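Me: I would like to learn how to read a model of this kind feature by feature, with the general idea given before each case. Could we take the overall layout before individual residues?

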Amino acid sequence: MPLHEPSPYEVLGIPLTAGVREINLSVGKALKAGRYSRQQIQDAAALLRNPDRRLEVDLQQPLPPEPVDQAAELLAPALAEPLLVVERPGLPPAPALLALHRAEAAADFAEPAPGGADPEPPVPARYAADLSVLPQIEVPQ
C-alpha cells in the first residue's frame, strides 16, 4: 500500500484495535458516508480481515502519540541527581604557577649565532635535566 493512499482504518473509520465484528459493522457506515468508493471500502475490509496483511499494514503505520500527563513525575528520578559529575581540583597557589613572558620565550628559541660548531641549539638552563625529574630511589643498606 503506497503511503499517499488512505489507510484501511481511515477508509472504514475504525481504530487500530478494532476486531472483525467492528470491521463488518463499519463497512455499512462507510458506504453510507460516501467518502470512499465501494471498491475502496471492500478492499479495506478484506485487508483488515486477513491477519497477515493486516500485520503488514500495521507495521507500516506510525503509532499515534500517547498522552503523558505525569511526565515530570516519570522523569523525577533521572533529574534528581546530575547525570555527569566532574570533579575539578582546586587551582595551585599563585607562587606555584609559572609565568612565561614573551621575551623569555623568544630568547629560549632564538636562532644560534652563525658560525657556531653546534648543530643543535643549546637547551635553556631552566629546561635542563637535573635530579628533580627522577623518581625517589630507595638505596638498600
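Reply: What follows is a walk through this predicted model, from the whole chain down to single residues.

Me: Where should confidence be considered, and which element has the lowest mean pLDDT and which the highest?

Reply: Confidence is given residue by residue on a scale from 0 to 100. In this chain the average pLDDT is 79, and 83% of the residues score at least 70. Among the elements, α3 has the highest mean, 94, whereas α5 has the lowest, 76.

Me: How many helices and how many strands are there in the chain?

Reply: The chain holds six helices and zero strands, so that, read from the N terminus on, its elements run α-α-α-α-α-α. As for how contacts are spread along the sequence, 54% of those between residues at least 6 apart join residues that are at least 24 apart.

Me: What share of the residues is buried, and what does the chain expose?

Reply: Burial is judged from relative accessible area, with under 20% counting as buried and over 50% as exposed. Buried residues account for 15% of the 141 residues in the chain, while the exposed area comes to about 12,700 Å², of which carbon and sulfur atoms supply 60%.

Me: Which residues have the most contacts inside the largest nonpolar core?

Reply: A core of this sort is read as a set of buried nonpolar residues joined through their side chains. The largest one here has 15 residues, and those with the most contacts inside it are Leu12, Ile14, Ile23, Ile41 and Leu48. Three helices, α1 (8–12), α2 (20–33) and α3 (38–49), each supply at least two residues of this core, and the largest share, five residues, comes from α3.

Me: What is Ile23 in contact with, once its neighbours within four places in sequence are left aside?

Reply: With those neighbours left aside, the partners of Ile23 are Leu12, Ile14, Ala45, Leu48, Arg49 and Arg54. Two of these, Leu12 and Ile14, are also the contacts of Ser26 when its own neighbours within four places are excluded. Ser26 lies in helix α2, and it counts as buried because its relative accessible area is 5%, under the 20% limit.

Me: Is Arg49, another partner of Ile23, buried or partly exposed?

Reply: Arg49, which belongs to helix α3, counts as partly exposed because its relative accessibility is 38%, and that value falls between the 20% and 50% limits. Beyond its neighbours within four places, Arg49 is in contact with Ile23, Asn24 and Val27. Arg49 and Ile23 are 26 residues apart along the chain, and their C-alpha atoms are separated by 7.7 Å.

Me: Which residues make the nonpolar surface patch of about 440 Å²?

Reply: The patch is made by Val68, Leu74, Leu75 and Leu79. Val68 sits in the loop between α4 (51–60) and α5 (71–79), and it counts as exposed because its relative accessibility of 52% is over the 50% limit.

Me: Where is Glu104 placed, and what does it touch?

Reply: Glu104 is in helix α6, which covers residues 102–108. It is partly exposed, with a relative accessible area of 31%, and, not counting residues up to four places away in sequence, Glu104 touches Ala99 and Arg126.

Key:
Residues are numbered from 1 along each chain as its sequence is written. This is a predicted model: local features need pLDDT of at least 70, side-chain atom pairs count only at pLDDT 80 or more; totals for chains, interfaces and linings use all residues. Side-chain values use heavy atoms; hydrogens and water are left out. A nonpolar core is a set of buried Ala, Val, Leu, Ile, Met, Phe, Trp, Tyr and Cys residues joined through side-chain atoms within 4.5 Å. Buried means under 20% relative accessible area, exposed over 50%, partly exposed in between (1.4 Å probe, protein chains only). Helices (H or I, at least four residues) and strands (E, at least two) are DSSP runs, numbered from the N terminus. Contact means heavy atoms within 4.5 Å. Patches are made of residues with over 30% relative accessible area and no salt bridge: like charges are joined within 9 Å, nonpolar side chains (Val, Leu, Ile, Met, Phe, Trp, Tyr) within 5 Å. Accessible areas come from the Shrake-Rupley method with a 1.4 Å probe; for residues, only the protein chains shown count as cover. A salt bridge is a side-chain nitrogen of Lys or Arg within 4 Å of a carboxyl oxygen of Asp or Glu. pLDDT is the predictor's confidence in each residue, from 0 to 100.
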